[in-house]
Amino acid sequence: MKRIQLSVTLTASLMLSSQELNAQSAPPHFVHPGVLIDGATMESGRNSIEHGDKFKVAALTLLRDDRRASLGYEASPVSRVECGPYSKPDIGCSAEISDAQAAYSHALLWVYLKDERHARKAAEIMNAWSSTLSQGHALSNAPLQAAWAAQMWTRAAEIIAHTSDLWPASDVQNFKSYLLQQYLPDIQKMGNCLNGNWYASRVEAKMNIAVFTDRRDLYDSAVREWRERVPAYIYAPGDGKGPLPDPECNKNLNTHWHGQSLLAPGVTQETCRDLTHTAMGLSAISNAAETDRIQGGTLFQDSAYRLVAAMEFHSTVLNRKQPPEWLCGGKLSARLSGTLEISYAYYAGVLGVSMPQTAKWLSHNRPSRGTLHMLWETLTHGIPIVADDSEN
C-alpha cells in the first residue's frame, strides 16, 4: 500500500507524532451516571436549552416529536431474538433496537424535561424485556445485534437508575443480571476478520455493561481492546506503508480494506465499504472514549491523532462533494450521518483543537437524529461551532 496526502488541518500538538500517548487507567470506582452522559453533561444541556441554544432546542423538538418518545409507546419483547444478515430473518431484531432506543429517548426526556412519566416509561420498556428475553440472540448477526441493543439499554438504565428513585432497586438488579446473562455472552461470540464496526460496538457495549454493573474486570478488558483495535481501524502515517494488522485477522490487508491501496491520515478500514458502516465504527469508538473520559480514563488522548484525522479527512471529502479519484475509485457510498458530535465536543470544545472541516460539516447537518447507537448526539453533546464556509 502507498500513502497519499490530502490536505487536512491538524494542530501542531497532534502533528508532532502519530504514536499513541502513554495509556492510563480509569480510577477504581465508577462514576454514576457515567455511560456516555454524566451529571455535568446533563446540566450543561439543560442550561443550553434554557438559554435558547437553537440547535439544542431544535434537537429536543426532534426528539419529542419522534414516535419512540411517545408516552403511548409499547414495547414488543420476545423470548429469543433471531437475526440473520441485514436482519433477515427479523425475529425481534428491529423491535429490540427500537425498544432500546425508545428507553434511551425517554430517559433523555426525563433528563431535560423532568417529567416523571418519561422515566417511568423508560423503566417500563426495560422491565418488559428483562422479564421476557430468556434465550439470548441467535443466527449470524447475533453478536452485533446484542451489542447494538446493549449500547442503548445501558445508557437508559444508567440514567434512570442514578438520577431518579422511580425504578425499584429490585428491577435495577434484575436488569443488571439480564445484561450479563442475555447480552454479554452473545457479544463475546464475535468471530475474527469482521469489519471493524462490529468490534467497535462490542467494545462500547462491554464498557457500558461494565459501568452499569460495576464490573472493573470487564471494563479493563474493553479498554484494552479499544487500544488494540482503534490503531487497526484508522490509518496514521506512523503505521508505515500500510495499515496496522487486525490483531485477530490474517486476511490480506488490501482485501480487508475493501480494495483501497492508497492511504491518507484518517482513512478507515471501512471507508471504501460505505460511509454508513464507517459512521458506525467511528461513533462506537467515540462513545466508548467519552464514557472512559467520564470514568477518568485517557482514551480520547491516547488516539487523538487518529480520531481527529479521521473526522477531518471524511469531513473534507464530504464538504468537497466529489471524492478524489484515488479514494475508493472516486465513489463513496452512503453518508456519514448522525455522528461526529461527541468527539468534536471533546477535541474542539475541551482541548481547543482546530477542526474546520468537521465544524463545517456539522454546521450543515444539525440537529442530528441518528440511528442505532448514533442517536440524539446534537442534543446530548453538540457545542457551539463557527464554521468557515470558505474552507475547501
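**Close-up 1. The left-handed Cys-83–Cys-93 disulfide**. The torsion about the S-S bond is about -125 degrees here, so this disulfide (a pair of cysteine sulfur atoms within 2.5 Å) is left-handed. Cys-83 sits in strand E2 (residues 81–83) and Cys-93 in helix H4 (residues 93–113), so the link ties together parts that are 10 residues apart in sequence. Helices (H or I, at least four residues) and strands (E, at least two) are DSSP runs, numbered from the N terminus. The sulfur atoms of Cys-83 and Cys-93 are 2.0 Å apart, and both cysteines are buried (under 20% relative accessible area, 1.4 Å probe, protein chains only).

This is a predicted model, with local features needing pLDDT of at least 70, side-chain atom pairs counting only at pLDDT 80 or more, and totals for chains, interfaces and linings using all residues. Residues are numbered from 1 along each chain as its sequence is written, and side-chain values use heavy atoms, with hydrogens and water left out.

**Close-up 2. Cys-193 joined to Cys-249**. The S to S distance is 2.1 Å. With a torsion of about 105 degrees, the Cys-193–Cys-249 disulfide is right-handed. At 24% relative accessibility, Cys-193 counts as partly exposed (between 20% and 50%), while Cys-249, at 8%, counts as buried.

**Close-up 3. The disulfide of Cys-272 and Cys-328**. Cys-272 lies in the loop between strand E5 (262–263) and helix H12 (275–294), and Cys-328 in the loop between helix H14 (304–319) and helix H15 (341–350), so parts 56 residues apart in sequence get tied together. The torsion is about -85 degrees, so this disulfide is left-handed. Cys-272 and Cys-328 are both buried.
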